Amino acid sequence: MSNESLNHRRLQATPRGVGVMCGFYAERAENATLWDIEGNEYIDFAAGIAVLNTGHRHPQVIAAVESQLQAFTHTAYQIVPYESYVSLAERINAVAPIAGNAKTAFFSTGAEAVENAVKIARAYTKRPGLITFGGGFHGRTFMTMALTGKVAPYKIGFGPFPGSVYHATYPNAAHGVTTDMALKSLTHIFKADIAPDQVAAIIIEPVQGEGGFNVAPPEFMQALRTLCDTHGILLIADEVQTGFARTGKLFAMEHYSVKPDLMTMAKSLAGGFPLSGVVGRAEVMDAPAPAVWAVPTRVTRWRLPPRMRCWTSSKKKRCVTAPIILASI
Ligand SMILES: Cc1ncc(COP(=O)(O)O)c(C=O)c1O
């Protein structure tokens with residue numbers, strides 16, 4: 001089998017919308033090295049798009065998954081719970097930059113975490129409005145497409161999107177956009193689109209990924225926190241990409257003097273296995289009604305390098321890997 005012949009089969013078998021960047025096909029990978037089906041060796045700088053901060057097949061992750069496979073693969077946590085979900089939540093609660101007591105809920109993908117952060121924020125504030133930023137990326141589901149601040153390539157041909165979403169300007173020194181200009185764009189939204197007392201949350205990536213690796217200046221994050229406190233708006237940090245030491249600290253929000261009310265995480269949380277979560281102030285996290293998430297999902301998505309997705313019926317495996325990754329950072 002050659003890269004070329006497999007590429008030909010791919011074009012026949014899969015739609016063009018599942019775009020791929022590399023013209024070679026992975027056969028195996030170890031730590032930062034990846035080999036293709038022709039035996040060529042690569043240094044994997046992509047790391048599954050920030051999913052593999054601890055490298056491919058971290059020995060502790062593999063050992064945890066192997067041992068879990070010998071125990072059980074799925075119970076539907078909301079039907080028959082298990083200890084690793086609770087202990088991982090405890091671990092995240094202890095390390096996440098959240099003011100006061102924190103609680104954590106787990107999901108499968110980053111987009112699902114963002115969707116649920118929106119649900120929590122709306123349940124807590126009883127308000128509809130959401131403010132995100134131009135250039136931001138929050139996922140490919142309908143709500144997260146709406147939140148995403150880039151039309152091409154993510155939104156083309158897929159509208160209409162859920163409403164009550166407004167895009168402010170993200171500061172960007174490279175393009176001459178100052179903190180002051182970005183803050184004025186929020187004032188404009190409050191004047192032209194939605195009153196601040198109707199806004200549930202401002203959702204921000206502390207470092208925009210898809211938007212060009214823009215870092216939110218400290219004074220901007222501070223001003224957002226003040227704005228949120230003034231108007232009873234929740235500040236949600238989307239740390240799906242920045243989380244788990246991508247910026248040198250466990251979470252990018254640790255670089256700031258202010259804390260978010262809610263924070264999403266995924267990607268390197270489970271080192272290549274699909275697990276996401278929302279951590280937040282306990283009072284906020286408890287806003288959705290009891291059992292709101294108790295819909296048994298037997299089928300969950302796995303995240304496999306390089307960003308391929310397949311279907312499986314397992315859930316627990318994802319949960320046991322994460323504490324081990326946290327321990328290894
Ligand atoms: C900041 C951010 N939020 C959300 C997502 C969506 O995550 P997922 O692809 O796991 O749904 C991503 C994915 O790249 C992301 O970078």
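The chain has ten helices and 14 strands, and keep in mind as you look around that this is a predicted model. Of its 329 residues, 39% count as buried. Take the contacts between residues at least 6 apart in sequence: 71% of them join residues at least 24 apart.

Let's start with the core. The largest nonpolar core has 61 residues, and Ala121, Ala201, Ile202, Leu234 and Ile236 are the ones with the most contacts inside it. Helix H5 supplies the largest share of this core, at eight residues. As a general matter, nonpolar side chains in soluble globular proteins tend to be buried together.

Leu234 is a handy residue to click on. Setting aside its neighbours within four places in sequence, Leu234 is in contact with Ala121, Tyr124 and Thr125, with Ala200 and Ala201, and also with Cys228, Asp261, Leu262 and Val284.

One of those contacts, Leu262, takes us to strand E11, which covers residues 262-265. Its side chains alternate: Leu262 and Thr264 point one way, while Met263 and Met265 point the other way. Are these four buried or exposed? All are buried.

E11 pairs with strand E10 (residues 234-238) and with strand E12 (residues 276-281). Over on E10, Ile236 sits opposite Leu262 of E11; on E12, Val278 sits opposite Thr264. Further up the chain, E1 (26-30) pairs with E2 (residues 33-36), and there Ala26 has Asp36 as its bridge partner. Here are the three pairings together:

| Strand pair | Sense | Bridges | Residues facing each other |
|---|---|---|---|
| E10 and E11 | parallel | three bridges | Ile236 and Leu262 |
| E11 and E12 | antiparallel | four bridges | Thr264 and Val278 |
| E1 and E2 | antiparallel | four bridges | Ala26 and Asp36 |

The E1 and E2 pair belongs to an open sheet of three strands, in the order E1-E2-E3, with antiparallel pairing. Strands E1 and E3 (41-43) are the edges, each pairing on one side only. From one strand to the next, the twist averages 25°.

Now for the ligand. Which residues come nearest to it? Of the 14 around the ligand, those are Gly110, Ala111, Gly139, Val240 and Gln241. By type, the shell divides into six nonpolar, six polar and two charged residues. Helix H5, residues 110-125, turns up again here: with three residues, H5 gives the most to the shell around the ligand. So H5 is a good element to colour if you want to follow both stories, with eight residues in the core and three in the ligand shell.

Notes
Residues numbered from 1 in each chain as written. Predicted model: local features only at pLDDT ≥ 70, side-chain atom pairs only at ≥ 80, totals over all residues. Buried ≥ 20, exposed ≤ 12 C-beta atoms within 10 Å, placed from the backbone. Helix = DSSP H or I, 4+ residues; strand = E, 2+ residues; numbered from the N terminus. Pairing = 2+ DSSP bridges. Near = placed C-beta within 6 Å. Nonpolar A, V, L, I, M, F, W, Y, C, P; charged D, E, K, R; others polar. Contact = placed C-beta atoms within 7 Å. Core = buried A, V, L, I, M, F, W, Y, C linked by C-beta atoms within 7 Å. Axes fitted to C-alpha atoms, helices over the stretch in contact; angles between N-to-C directions.
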